[in-house]
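Hi there,

Here is the structure I promised to pass on. Have a look at it first, then read my notes below.

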Amino acid sequence: MPVPVPELGSYNFVQETKEDLPWADLITLDFSLYGTPEGNQQLAKTLIKAVREDGFFYVKNFNISQERVNRQFAIGKQLYETPLEEKLNLDPVSGLRDRVEVYNIPKFNGDFKHEHPEAAQQHLPEIEEFARSLHTEVLDPLHTILAIALGLPEDYLKNIHKYEVKSEDHLRYMKYGKFSPEENQKLNGLWGRGHTDLGTFTLLFRQPVAALQIRNHTTGEWSWVKPQDGTLTVNTCDALSFLTAGYVKSTVHRVAVPPKDQQHVDRLGLLYFSRPNNDVELKTIKESPVLREQGFVENEFEKSGNPVPTMETWTFAKQKWQRTKNVARGDKKFENAQILPGWNEKVYA
Ligand SMILES: O=C(O)CCC(=O)C(=O)O
Ligand SMILES: [Fe+2]
């Protein structure tokens, strides 16, 4: 029997900024090339350049319609209109700063409970379908072409990121509540400080409110990520860096105060954090001839002789650190804390 689809309002995106910001010049992967040996080879070359140089890139033509994405933003909007008491009861993990709200939805593989506020619960089949299609339409192709670029069997990375196996992946609805111009001035230009994400890839759906900035690996300079129509912004994260002994870097990024012409709106985000399966050991992939030839053979855990954590251990260690409450700015004990033997974290300006 067809299930009636509840009415869903729409989320009206704000106009893009007119300001001339120092935008990052990022590579775009065109997934319409995906699926033939030549196309995959071409994508592999483009991807490896993107992940080695910037660690941030765009993906277009990924087989998920803008309409489906817009509906996810509308669900996010409804979630953040839920009365505060309900949200407090449900204890959404609070983010980096006071006005960041995040609501995470874990995998639908049977390992996690799915009890959500009504705004999400009533759309759960659609949310599940959306999350699963991110795996089949975006992550599986990315894993395949990255495996090709590393000279690995094509299914190598797919096999350690199986949807049906337990991992701490999340679909995230995120809201940065707006600040007044005076408050924004006091925030030193930043809504969220520089960090790296802990997993494999983070997928960010087009967010017209400019705020995301990335830090160049070589110069340390920050540039802005421009929203592009019909694209996903993707960044490479810590676990991928461990698995490749730093050949693929985990890119530092942060959330700045938006330009003046966009400061009057809340900034809604839709993200997917992908991670290796929990039981994966974060050791360098020894089977890759590319890593061997290029001399990327030992990651920090291996170099220091400390135990190599599983993805599960790594995730919980980093999350515990990220969620530390009431840390004063400049508290070195926190900002450069050792979260596992052989690994110190870092907060960036
Ligand atoms: O909102 C954004 O653009 C980025 C958010 C982010 O970096 C994160 O949630 O890890
Ligand atoms: Fe991030």
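Below is what I found, going from the sheets to the core, the ligand and a few single residues.

Before anything else, keep in mind that this is a predicted model.

**The seven-stranded sheet**

Let's start with the sheet of seven strands, which is open and has the order S1-S2-S9-S6-S11-S4-S3. Its pairing is mixed. At the edges you'll find strand S1 (28-30) and strand S3 (100-106), each of which pairs on one side only. If you ignore direction, neighbouring strands here are turned by 25° against each other on average.

A nice pair to zoom in on is S4 and S11. Strand S4 covers residues 170-176, runs antiparallel to S11 and is joined to it by seven bridges. Pick methionine 174, for example: its bridge partner in S11 is glycine 269. Remember those two residues, as they come back with the ligand.

Helix H5 packs on this sheet. The strands H5 touches are S2 (56-60), S3, S4, S6 (201-205), S9 (231-236) and S11. Compared with the direction of S6, the direction of H5 makes an angle of about 120°.

**The four-stranded sheet**

There is also an open sheet of four strands, in the order S5-S10-S7-S8, and its pairing is antiparallel. Which strands stand at the edges? They are S5 (190-195) and S8 (222-224); each has a single partner strand, so one side of each is left without a neighbour in the sheet. From one strand to the next, the twist averages 25°.

You can walk through this sheet pair by pair:

- S5 and S10 are antiparallel, with three bridges; glycine 192 has valine 255 in S10 as its bridge partner.
- S7 and S10 also pair in the antiparallel sense, over three bridges; here glutamine 213 stands opposite arginine 254 in S10.
- S7 (residues 212-215) and S8 run antiparallel and are joined by three bridges; glutamine 213 turns up again, with tryptophan 224 in S8 as its bridge partner.

So glutamine 213 has a partner in S10 and a partner in S8. When you look at these strands, it helps to know that side chains in a regular strand alternate between the two faces of the sheet.

**The core**

How many residues does the largest nonpolar core have? It has 77, and the ones with the most contacts inside it are Leu47, Leu232 and Ala239. Helix H5 (residues 124-149) gives the largest share of this core, eleven residues.

Try clicking on leucine 47. Leaving out residues up to four places away in sequence, leucine 47 touches Leu29, Ile145, Leu146 and Ala149.

**Around the ligand**

Now for ligand 1. The residues around it are Met174, Asp197, Leu204, Gln207, Leu212, His253, Val255, Gly269 and Leu271. Two elements give two or more residues to this shell: strand S10 (253-256) and strand S11 (267-273). Sorted by class, the shell has five nonpolar residues, three polar ones and one charged one.

Here are the two residues I asked you to remember: Met174 and Gly269 are both in the shell, and they are also bridge partners. Val255 is in the shell too, and Val255 is the residue in S10 that partners glycine 192.

**A few single residues**

Two residues that aren't glycine have a positive phi, and they make a good contrast:

- Asparagine 63 has phi near 70°. It sits in the loop between S2 and helix H2 (66-80). Is asparagine 63 buried or exposed? It's exposed, because it has 12 other C-beta atoms within 10 Å and the cut-off for exposed is 12 or fewer.
- Alanine 245 has phi of about 50°. You'll find it in the loop between helix H8 (238-243) and S10. Alanine 245 has 22 C-beta neighbours inside 10 Å, so it counts as buried; the cut-off for that is 20 or more.

Two more to look up:

- Asparagine 12 lies in the segment before S1 and is exposed, with 10 other C-beta atoms within 10 Å. Asparagine 12 and valine 100 are 88 residues apart in sequence, and their C-alpha atoms are 20 Å apart in space.
- Proline 307 is in the loop between helix H10 (300-304) and helix H11 (311-322). With 12 C-beta neighbours inside 10 Å, proline 307 is exposed as well. Proline 307 and threonine 236 are 71 residues apart along the chain, with 23 Å between their C-alpha atoms.

Have fun exploring!

Note on methods
Residues are numbered from 1 along each chain as its sequence is written. Chains are lettered from A and ligands numbered from 1 in the order in which they are written. This is a predicted model: local features need pLDDT of at least 70, side-chain atom pairs count only at pLDDT 80 or more; totals for chains, interfaces and linings use all residues. A nonpolar core is a set of buried Ala, Val, Leu, Ile, Met, Phe, Trp, Tyr and Cys residues joined through C-beta atoms within 7 Å. Two residues are in contact if their C-beta atoms, placed from the backbone, lie within 7 Å. A residue is near a molecule or strand if its C-beta atom, placed from the backbone, lies within 6 Å of it. Ala, Val, Leu, Ile, Met, Phe, Trp, Tyr, Cys and Pro count as nonpolar, Asp, Glu, Lys and Arg as charged, and the others, Gly among them, as polar. Two strands pair if DSSP finds at least two bridges between them. Axes are lines fitted to C-alpha atoms, for helices over the stretch in contact, and angles run from 0 to 180 degrees between N-to-C directions.
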